[in-house]
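User: Hi! I'd like a close look at how the helices and strands of this model are put together, with some word on confidence along the way.

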Amino acid sequence: MPELGRAALVVCFGLALYAVGAGFWGAHTRRRRLALSAQNALVAAFLSAAVAAGVLLVALITSDFSFTYVSAFTSRELPLTYKITALWGGQEGSLLLWLLVLTGYGAAAVLLDRKAGRELIAWVVPVLGVVAAFFSMLVVFVASPFATHAAPADGLGLNTSLQSPYMQAHPPLLYLGYVGLTVPFAFAMGALLSGRTDERWIVATRRWTLAAWMFLGIGQLLGAKWAYEEVGWGGYYAWDPVENAALMPWLAATAFLHSVMVQEKKGMLKVWNMLLVILAFSLSLFGTFLTRSGVLSSIHSFTEGSIGPWFLGFICFVVAGSLALLFRRLPLLRSKTKLESLVSREATFLYNNLLLVALCLTILWGVTFPILSEAVRGESVTVGRPYYDFFLRSFGLPLLLLMGIGPLVAWRRASLRSLGRTFLWPFAFGLVAGGGLVAAGAGSSLPGLIAYTFAAFVTATIVLEFARGTAARRALAGEPVPRAFASLVARNRRRYGGYVVHAAIVLLAIGVAGSSAYDTSHTARLAKGQSLKVRDYTLVYRDLRRTRAQNAVETRATIDVYRGGDRIAVMHPGKNNYPVEQQISNEVAIRSDWLTGEDLFLITEQVNPNGTIDFKAIINPLVNLIWLAGVVFLLGSVVTLWPDAREERRLAVRYGRLAPET
Amino acid sequence: MLTTAALVLGGLLAVAAVWFVARPFLRSPASEEPLVEPGRAERERLALEEERDRALAALKELEFDHRTGKVSDDDYRSLVGELRRAAADALRALDRGRGQIDVRSREG
């Protein structure tokens, strides 16, 4: 039923255009019914996009190869779960998913955030409508997922890299993150358009921003895990442009989440916060452009298409339009208060913001320079790992240190005496940890040693914050320790949830430093019965087998792993041959040691005709802390996101008179 | 046959969308009240309430940081006075504003 899909998209496009026109006119002329009608159009656009997505999903599941999209990205033998995930396996389906998530977010935001005030929402709707109109225009006129042709006997199948459980979650989570940043952008623009630049837009978008940031973070970690297990080169992040495309808006959103606290607490940085929201949203569009335009080659860029110029035009429109609006409203955004001291919490947030934005912009330059070079000089250049590693160390290590300093410094100003007392124990702990690591032989990598020392310092500050807070709560309310701890977190969810997220970043830093600065790698050609020694592991190649799976021929080697004379594991690295897709994939074998966080990583680089195999063995110390960081990050984000009834009541009183009747 | 059914379903979707979008206009004309822009007094009240909440939250945080030992006694003494004054100023200004609004509403 491609006609139903097309009709649903045309209806969605019409509704989005109506939300723009009626929304702007209704807000401008203060016509309530017109503004409400525009809100309804946004909700109806979501339902239409859902119908279109449903039609495509049914076609994918039933292998209706008369849909060009279905035949291009699935085959009869493809397992059902991958038929479903093929919805975002190609450009047209991805754009449809973008539209579905966008209209879903838009409808939910305008329905749930009415407390922000009717006249603010009235201006938010047309901004969301503009973005929805752009994406629905793309799927109606430029890259339709409902194009049809004479049905072939079988489809071309799904890119084998996408046939992974991580790919079932990674792209939708990234989209939830990318698209989620539209909500704070729309509220920020709504505030500027309406001239109501008080804190309502921040209050209304706090959770949306946090949720989008959380999805982007988890999506990236799942992407890293996918790269680690599926791409099979032994690493998890290669500074690939498409990986960077997701990292940049996350960094900008991280900066915003910190600086917005300064606006809430001190009424400062109003212009800066607007700029960060514009930057984060523009980078999320840029990320989608990089992934979907085919402008660069990347292991993640699975499609090439004609949407590039449209995207570039829209990004220019968004940046120019929002900056012009911000410039026009500058007088409304002047702050009454100033930074009192360079040694204060707000100052550390400012330093943190400068470092995050600097890191974000250097990555942006690394991504765009090759594209610009090719466009201007016709020369293809590559910005490689050393460039990114240099800036990650230059900005990332001070950021890690600031994560420990910030929470210990008081708002407004702090005396040196007070700082000396507060910093004593964490500082001492960091120094002792650093000295201990040097003694243990970890001094071979200076960046690694600095990262570990800073991580120890930050860990100590986090533990100290929880311990002191619990003790204070216990003294105040006379509660037992577990209850005092629980009520401490429950009463200050954003602060203590934030500390849990900081703990996740510490784990991430330790994992990244350990696996990149202290890894070991060996390559060898082995015949059956021969062995390879890597650090304290001995690997013996025993056997090679081929089996037929549902849609692939699987070749697996059998490797016995010995340590200290004991056989501790049997591993099966190999390759998969996908006949329909005509692709061969590396299927790595990984043995994780959860006590030490270390991985033994085996790659079958080549199976030779004489039966020998070229193996690569890598030891990645502490790499599992990266995945553990994902779990802790999720926990901290959920604590921070959890609604606070007292806060809700306070805001309801503050904005009560502005809220509409429902 | 399938094509016709798809087109009919598409048409129904369009009609349902138009009905849903037109719903606010289908209600009685009495419901057409304009979008109320907060007046100057209302905006000032909002700004003062934000100022008051900011000062009170800062006071609460300072008290807590002092209790946990993060803020020394000297720093506490030098900061608490300013914050209390800021909160009191915002509360007084809010009371004045409420009084003026009450007077205006009685006169009106």
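User: To begin with confidence, what pLDDT does chain B average, and what share of the residues score at least 70? After that, please take me through the helix packing around α9 of chain A, and through the strand pairing in that chain.

Analyst: Happy to. Please keep in mind that this is a predicted model. Chain B has an average pLDDT of 80, and 78% of the residues reach at least 70. Within chain B, the element with the highest mean pLDDT is helix α1 (residues 2-26) at 88, while helix α3 (residues 73-107) has the lowest, 77. For the complex, the predictor reports an ipTM of 0.82 and a pTM of 0.91. A word of caution goes with such scores: where pLDDT is low, predicted coordinates should not be read in detail.

Now to α9 of chain A, which spans residues 200-231. One of its partners is helix α19 (residues 624-641) of chain A; the two axes come within 10 Å and cross at roughly 170°. Since an angle over 145 degrees counts as roughly antiparallel, α9(A) is therefore roughly antiparallel to α19(A). On the α9(A) side, the residues in contact include A:Trp213, A:Met214, A:Ile218, A:Leu221 and A:Tyr228. On the α19(A) side, A:Ile626, A:Trp627, A:Phe633 and A:Leu634 are among them. By type, the residues of this contact comprise 14 nonpolar, 4 polar and 2 charged.

Another partner of α9(A) is helix α20 (residues 645-655) of chain A, packed at about 150° with the axes 12 Å apart. By the same kind of reasoning, α9(A) and α20(A) are therefore roughly antiparallel to each other. Their crossing is left-handed. Here A:Arg200, A:Val203, A:Arg206 and A:Arg207 of α9(A) make the contact with A:Glu647, A:Glu648, A:Leu651 and A:Tyr655 of α20(A). The residues of this contact divide into 3 nonpolar, no polar and 5 charged. A:Arg207 also appears in the contact of α9(A) with α19(A).

Elsewhere in chain A, helix α2 (residues 32-61) packs against helix α6 (residues 118-142) at an angle of about 45°, and their axes are 10 Å apart. The pair α2(A) and α6(A) is therefore oblique, and the crossing is left-handed. From α2(A), the contact involves A:Arg32, A:Ala35, A:Ala38, A:Gln39 and A:Leu42. They meet A:Arg118, A:Ile121, A:Ala122, A:Val125, A:Leu128 and A:Gly129 of α6(A). Sorted by type, the residues of the α2(A)-α6(A) contact are 7 nonpolar, 2 polar and 2 charged.

That brings us to the strands. In general, strands of a sheet pair through backbone hydrogen bonds, either parallel or antiparallel. In chain A, an open sheet of 4 strands runs in the order β1-β10-β9-β8, with antiparallel pairing. Its edge strands are β1 (520-526) and β8 (589-593), each pairing on one side only. From one strand to the next, the twist averages 15°. In this sheet, β1(A) is joined to strand β10 (residues 613-620) of chain A by 7 bridges in the antiparallel sense. To find the register, look for A:Ala524, which stands opposite A:Phe615 in β10(A).

Two hairpins share strand β3 (residues 537-548) of chain A. In one of these, strand β2 (residues 531-534) of chain A pairs with β3(A) in the antiparallel sense over 4 bridges. A:Ser531 is placed opposite A:Val540 in β3(A). The hairpin of β2(A) and β3(A) has 2 residues between the strands, and A:Arg535 takes a positive phi near 45° there. In the other hairpin, β3(A) is linked to strand β4 (residues 553-563) of chain A by 11 bridges, again antiparallel. Between β3(A) and β4(A) lie 4 residues, and A:Leu539 stands opposite A:Val561 in β4(A).

Methods: Residues are numbered from 1 along each chain as its sequence is written. Chains are lettered from A and ligands numbered from 1 in the order in which they are written. This is a predicted model: local features need pLDDT of at least 70, side-chain atom pairs count only at pLDDT 80 or more; totals for chains, interfaces and linings use all residues. Side-chain values use heavy atoms; hydrogens and water are left out. Axes are lines fitted to C-alpha atoms, for helices over the stretch in contact, and angles run from 0 to 180 degrees between N-to-C directions. Angles under 35 degrees count as roughly parallel, over 145 as roughly antiparallel, 65 to 115 as roughly perpendicular and the rest as oblique. A crossing is left-handed if the near helix is turned anticlockwise from the far one by less than a right angle, and right-handed if clockwise. Contact means heavy atoms within 4.5 Å. Ala, Val, Leu, Ile, Met, Phe, Trp, Tyr, Cys and Pro count as nonpolar, Asp, Glu, Lys and Arg as charged, and the others, Gly among them, as polar. Two strands pair if DSSP finds at least two bridges between them. pLDDT is the predictor's confidence in each residue, from 0 to 100.
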